[in-house]
Structure formats: C-alpha cells, structure tokens
Amino acid sequence: MAGLIKNIFFKRVQKIRTFYISRLDPNQVEEEVFLTKNDHELNITAHHGMICLDPFCIAVWLPAAQLELIDPQTVNIQFKKGSRLNASLETSLIEKVPTEKGTLLLYKIEKVKNYQLSLMHRLALFAWFLRSKGNTYYSRKVISALYSYPRKIIIVSYKDEAYSNVFPMDIQGYIAEEELYILGLRTTNVTLNKILEAKKVVVCDTDSVDIDTVYNLGKHSSKAPAAIHTLPFGTIESELFHFPVPDFTGSYKEIEIIMNKKMGYHMLMLGKVLNDKKIKPNPSSLYHIGFLQFQKGNYKSIDGLF
C-alpha cells in the first residue's frame, strides 16, 4: 500500500518526509500568516510562533491599536502564499500576556483545514504517515498547516559552572518591536529547569552549519548532551553570559527569561533580548518547510531530518 501511494501521488519525489529543509535569508520566505476576525485581516507573519505540539498551541502578538479592533477570544489564522490560501486554523484564547507595546495572545488550535495540492494528495500523504502508531490524522493535518509557513531552525545555548548544552529547535519566534523572544522547549529536556532557574539563554542562527551537524546536536540533547570540547565545531563566548556560541553562527541573541508557562508537552518561555549581536552581514538560517508546501514552492532542498 505504501509503495502504491508513493507511485501514484508522489512519483517524482525521492522520499516522503514530514519536512524539507532549506537555507534561507529571512527575505526569501515567500509565505505570510494572517489573523482574521469578522472583517479584519491582520498580518502576523512576524508576530507569531508555535509554542506547543501537544496540545497544539500558537502565540500571536498584537500591538495595542490592533487588539482594540477585534474580540480575541476566538480567531482564525490563515497561511497564504500570495493570494493562495494554504491552510487555516480555528483557535480559542488560553491567556493574554500584557507587554510594553501590546499583548501576547496564547491560543489553542481547535480545528484545521488544509488546502495544499489536491484533496487526494493530502489524504494520500496523511495515510502514509498513519503507518506509524504515534501519528493521528488530526496531528498530521495540524503539522502540515503549521509548517506551510517555513519555520526557522535555531541553536539554543546554555552553560553554568558544571553543565552545558547546545541544541537545535524550531518552536520559537521573535517579536522585534518588543525585543521579545518566544521559546517552546520540551518539558522532558534536562536543560529546561536549569534555564528557568538561571533565567538566561542564548539563541543562535544556523547560518553556515550542515544539516547532519544540526541533526546530531539534537539526538541526545534532551537527556545526555555532548560536552562542549567534543563538538565538531569551534565556539566563542557570548558577550554577556559567556555561553558557547557555535562558530557557524552569523548572529546571536542573549535573552533573559521573564515569564514561563507550561502549555502541555512544551514549556513556553518568554524572554527579553539583552544583547543582539551580529557577527556576519546578512546571516541566513536553516528552515523546516512542510512536505506539501514544499512541492509547489521555489525553495532548494538540503535534506530532511524526518
């Protein structure tokens, strides 16, 4: 059955995977994200981020003037490329977090609709993934929707006197207007409590690193991270915290954690950027792009982690 699905619907695809990976400058991202409510459509492309995958939750920041336009209790979030709608989410409000210039809205995803390719292509892809007992039809639909917008892969760094960890993640977002960073870290990650206690973390881009190195960093980071001196790349110290920064990084941010909330399988951490350091001009990063979205895009594939 699996071979039949691939031959009929994805014959030209070398491998069916959850994500493709591409190296992009932020300006090369072609998709946009909108919050819609009644007659209002607000562009939240630079003001949203995933925060939990079980249950599925998303954060949206709105400036005060925009928040006054809508009732935020239930909203629709749409993923578009040009005029084409790729996916939409129906969400319900969990909590409002006031910020200096607006409000961070925490939403639970209630319903999802996918529009990429044809209905038969979508059903075939989800059936392919349902061969794994860990997947559900609903979860695959939500993941396909969320990753119809390319998700930046970052490197997170933490260090104290007796411990250090450098690992990748993509459940994140940055609100430039507030200099606020959103991170959603698995509650099973051994580094989580250390970060919450110290209230410090460094976030780095993935400017020139190869994908195998990123993959290997993520293999054991949750339980038994590799010692810094054993990593296959050099590091420098960040300016304020003296945390390790990989030498493949083009920029990094030193962040003070100012709020955290357990969302489910992930812990939401909200941090204030204390130091935004540019090492190289115009750094790029690796991005996760959902399988269906990638098929009709112009992005160049590096390879897939999953």
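**Met 269, its strand and the enclosed spaces**

Mentor: In this predicted model, Met 269 is part of strand E18, which covers residues 266–278.

Trainee: Why is Met 269 called buried?

Mentor: The term buried applies under 20% relative accessible area. Met 269 has a relative accessibility of 2%, and therefore counts as buried.

Trainee: What makes Tyr 181 a contact of Met 269?

Mentor: A contact requires heavy atoms within 4.5 Å. Leaving aside neighbours within four places in sequence, Met 269 is in contact with Tyr 181, and also with Ile 182, Leu 183, Leu 185, Leu 192, Ile 195, Leu 196, Ile 257, Met 259 and Asn 260. As for Ser 251, 18 residues from Met 269 along the chain, the two C-alpha atoms are 21 Å apart.

Trainee: How do you know that strand E13 pairs with E18?

Mentor: Pairing requires at least two bridges between two strands. Strand E13 (residues 180–186) is joined to E18 by seven bridges, so the two strands pair, and they run antiparallel. Within E13 and E18, Arg 186 is found opposite His 266.

Trainee: What makes E17 a partner of E18 as well?

Mentor: The criterion is again at least two bridges. Between strand E17 (residues 251–262) and E18 there are 11 bridges, in an antiparallel arrangement. Glu 256 faces Lys 272 of E18. The hairpin of E17 and E18 has three residues between the strands, and Gly 264 adopts a positive phi near 150° there.

Trainee: What makes a space a cavity, and how many of 30 Å³ or more does the whole structure have?

Mentor: In a cavity a 1.4 Å probe fits but cannot get out. The search finds one of 30 Å³ or more, and the largest cavity holds about 70 Å³. Its lining includes Thr 18, Arg 140 and Gly 290. Helices H3 (119–129), H4 (137–146) and H7 (291–295) each give two or more residues to that lining.

Trainee: Why is one residue of the lining of the largest cavity classed as charged?

Mentor: The charged class consists of Asp, Glu, Lys and Arg. The lining contains Arg 140, and the division by class is six nonpolar, three polar and one charged. Arg 140 is therefore the charged residue.

Trainee: Which residues lie nearest the centre of the second largest pocket?

Mentor: They are Pro 26, Lys 152, Gln 172, Tyr 174 and Tyr 287, from a lining of 35 residues. Among the elements that give two or more residues to this lining are E17 and E18. The pocket contains about 800 Å³ of space, and its lining has 14 nonpolar, 11 polar and 10 charged residues.

Technical notes: Residues numbered from 1 in each chain as written. Predicted model: local features only at pLDDT ≥ 70, side-chain atom pairs only at ≥ 80, totals over all residues. Heavy atoms only, no water. Helix = DSSP H or I, 4+ residues; strand = E, 2+ residues; numbered from the N terminus. Buried < 20%, exposed > 50% of the residue type's maximum accessible area, 1.4 Å probe, protein only. 1 Å grid on protein atoms, 1.4 Å probe; cavity = no way out; pocket = protein on both sides within 12 Å on 5 of 7 lines; lining within 4 Å. Points joined across faces, edges and corners; volume = space filled by probe spheres on them.
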